[in-house]
Structure formats: structure tokens, C-alpha cells
Amino acid sequence: MADDVFVRITREFKGERADLIPVLQKIQSIYDYLPREAIAKTARWLKISENEIFGVATFYTQFRFMPRGRHHVKVCLGTACHVKSGEQMLEVAKRRFEIEPGETTKDGEYDLERVVCLGCCALAPVVTLDDKIYGQMSVLKLQGILDEQQKT
Ligand code: FES
């Protein structure tokens with residue numbers, strides 16, 4: 001992250017602790033994740049530790065610490081999806097890709113996200129792959145979709 005970009009991001013803030021979240025949001029809006037270097041610069045600027053920033057940022061599911069993958073998988077764990085075994089769908093995706101939500105596979109192909117509601121609760125449990133919505137998922141259905149996807 002270039003110094004001038006960081007200066008541009010922070011110049012409208014006072015450099016107080018309360019600026020942390022809005023500054024991280026700005027950084028993420030530019031890079032689509034929080035680069036390590038940007039966290040280090042933010043820590044120096046706010047005079048707090050990088051660990052503290054990680055601690056705060058990991059509390060909010062909106063922040064990512066890795067670049068996105070080429071394909072995006074979202075598993076809904078809103079109430080309707082949760083009661084219809086959404087957690088099992090998340091487990092399938094985690095095992096398949098060997099990543100946790102918010103991470104990207106080593107080859108950069110897939111990222112995984114846990115979301116709160118995709119707005120189609122009648123189809124619960126719901127998973128999306130890129131722009132496509134898959135409803136009434138089961139473990140077997142999801143495995144089949146991921147098998148097909150990974151063949152391409
Ligand atoms: S709770 Fe999953 S789509 Fe609404």
C-alpha cells in the first residue's frame with residue numbers, strides 16, 4: 001500500500017481510536033480486503049498494536065484479510081437457513097476448500113463467506129456460488145454442485 005494512498009484515506013480523520021473502523025472500511029473498499037501492510041500503517045498512525053487491530057477487525061465479519069478468490073461461495077446462516085441445517089452446508093464447504101469463512105484457497109480459486117440472510121428464506125438452506133443461488137440444499141446436493149464446479 002503506497003504512502004500517498006494511506007494519506008489520502010486518513011486525511012479526513014483525526015487519528016483517534018474511534019477512526020479505526022471507518023478507516024478499515026475505507027481500506028477494504030479500495031483493496032477488497034485488508035492488506036497486512038495497511039494494518040501496520042494504521043497501527044502506527046493510531047499508535048495501537050497490530051494485534052489489537054486484528055482483534056477488533058475479526059469481530060466484524062465484513063472484514064477480510066486475504067484477497068478474494070476467483071469464485072465466491074456464500075453459505076447463509078440466517079435464522080431460516082440455520083434451522084434447516086445451514087451449519088452442515090458450511091462444514092461441507094470448509095472441508096472441501098480447507099479454509100474457514102473469510103479465507104481464500106491457496107490456489108486463489110475460491111473464497112468462502114458466511115452471510116446472515118440472502119433474502120430468499122423460503123429456499124432455506126441457501127448457498128450461492130458466484131451469482132447463482134442454490135436453494136433447499138442438502139449435503140449431497142452441495143457436494144454435487146461443488147464437484148461439478150471443480151471439474152470446470
Ligand atoms: S436466512 Fe438464509 S436466505 Fe434468509
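# A tour of the pocket, the helices and two unusual backbone spots

Start at the largest pocket, whose lining residues divide into six nonpolar, four polar and five charged. Keep in mind as you click around that this is a predicted model.

**Stop 1: the largest pocket**

Select Tyr60, Thr61, Phe63, Pro101 and Gly102. Of the 15 residues that line the largest pocket, these are the closest to its centre. The space in this pocket comes to about 310 Å³. Now colour helix H4 and strand E2 (110-115), the elements that each give two or more residues to the lining. Which of them gives the most? That is E2, with three residues.

**Stop 2: the whole chain**

Zoom out and switch to a cartoon view. You should find seven helices and four strands in the protein chain. Trace the chain along the sequence and the pattern reads α-α-α-α-β-α-α-β-β-β-α. If you draw the principal axes, the C-alpha trace spans about 50 × 30 × 25 Å along them.

**Stop 3: H1 and H2**

The next three stops are helix pairs. Two packed helices are described by the angle between their axes and the distance between the axes.

Select residues 3-10 for helix H1 and residues 20-31 for helix H2. Their axes come within 10 Å and cross at roughly 130°, and H1 and H2 are therefore oblique to each other. The crossing of this pair is right-handed. To see the contact, show side chains for Val5, Phe6, Ile9 and Thr10 in H1, which meet Val23, Lys26, Ile27, Ile30 and Tyr31 in H2. Colour that contact by class and you get seven nonpolar residues, one polar and one charged.

**Stop 4: H1 and H3**

Keep H1 on screen and bring in helix H3, residues 36-46. How do H1 and H3 pack? The angle is about 55°, with the axes 11 Å apart. H1 and H3 are therefore oblique to each other, and their crossing is right-handed. From H1, select Asp3, Phe6 and Thr10; from H3, select Ala38, Lys41, Thr42 and Trp45; together they make the contact. The classes here are three nonpolar, two polar and two charged residues. Phe6 and Thr10 are worth leaving highlighted, since they appear in the contact of H1 with H2 and again in the contact of H1 with H3.

**Stop 5: H3 and H4**

Hide H1, keep H3, and select helix H4, residues 50-59. This pair packs at an angle of about 115°, with axes 9 Å apart. Are the two helices roughly parallel or roughly perpendicular to each other? H3 and H4 are roughly perpendicular, because angles from 65 to 115 degrees count that way. Their crossing is right-handed. On the H3 side, pick Arg36, Ile39, Ala40, Thr42 and Ala43; on the H4 side, pick Glu50, Ile53 and Phe54, which they meet. By class, this contact has five nonpolar, one polar and two charged residues. Thr42 of H3 touches H4 here and is also part of the contact with H1.

**Stop 6: the cavity**

Rolling a probe the size of a water molecule over the atoms shows where empty space is left. How many cavities of 30 Å³ or more are there? The count comes to one. The largest cavity has a volume of about 40 Å³. To frame the cavity, select Cys76, Gly78, Ala80, Cys81, Cys117, Leu118, Gly119, Cys120, Cys121 and Val126, which line it. This lining has eight nonpolar, two polar and no charged residues. The largest pocket, by contrast, has five charged residues in its lining.

**Stop 7: two backbone details**

Most residues other than glycine have a negative phi, and most peptide bonds are trans. Two places in this model go the other way.

- Select Ser85, in the loop between helix H5 (79-83) and helix H6 (86-97). Its phi is near 75°, a positive value in a residue other than glycine.
- Select Ala124 and Pro125, which are joined by a cis peptide bond with omega of about -5°. Pro125 lies in the loop between E2 and strand E3 (127-129).

From Pro125 you can step back along the chain to E2, which brings you round to the lining of the largest pocket, where the tour began.

Notes. Residues are numbered from 1 along each chain as its sequence is written. This is a predicted model: local features need pLDDT of at least 70, side-chain atom pairs count only at pLDDT 80 or more; totals for chains, interfaces and linings use all residues. Side-chain values use heavy atoms; hydrogens and water are left out. Axes are lines fitted to C-alpha atoms, for helices over the stretch in contact, and angles run from 0 to 180 degrees between N-to-C directions. Angles under 35 degrees count as roughly parallel, over 145 as roughly antiparallel, 65 to 115 as roughly perpendicular and the rest as oblique. A crossing is left-handed if the near helix is turned anticlockwise from the far one by less than a right angle, and right-handed if clockwise. Contact means heavy atoms within 4.5 Å. Ala, Val, Leu, Ile, Met, Phe, Trp, Tyr, Cys and Pro count as nonpolar, Asp, Glu, Lys and Arg as charged, and the others, Gly among them, as polar. On a 1 Å grid over the protein atoms alone, a cavity is a set of points where a 1.4 Å probe fits but cannot get out, and a pocket is an open set with protein on both sides within 12 Å along at least five of seven lines; lining residues have an atom within 4 Å of a point. Grid points are joined across faces, edges and corners, and a volume is the space filled by probe spheres set on the points.
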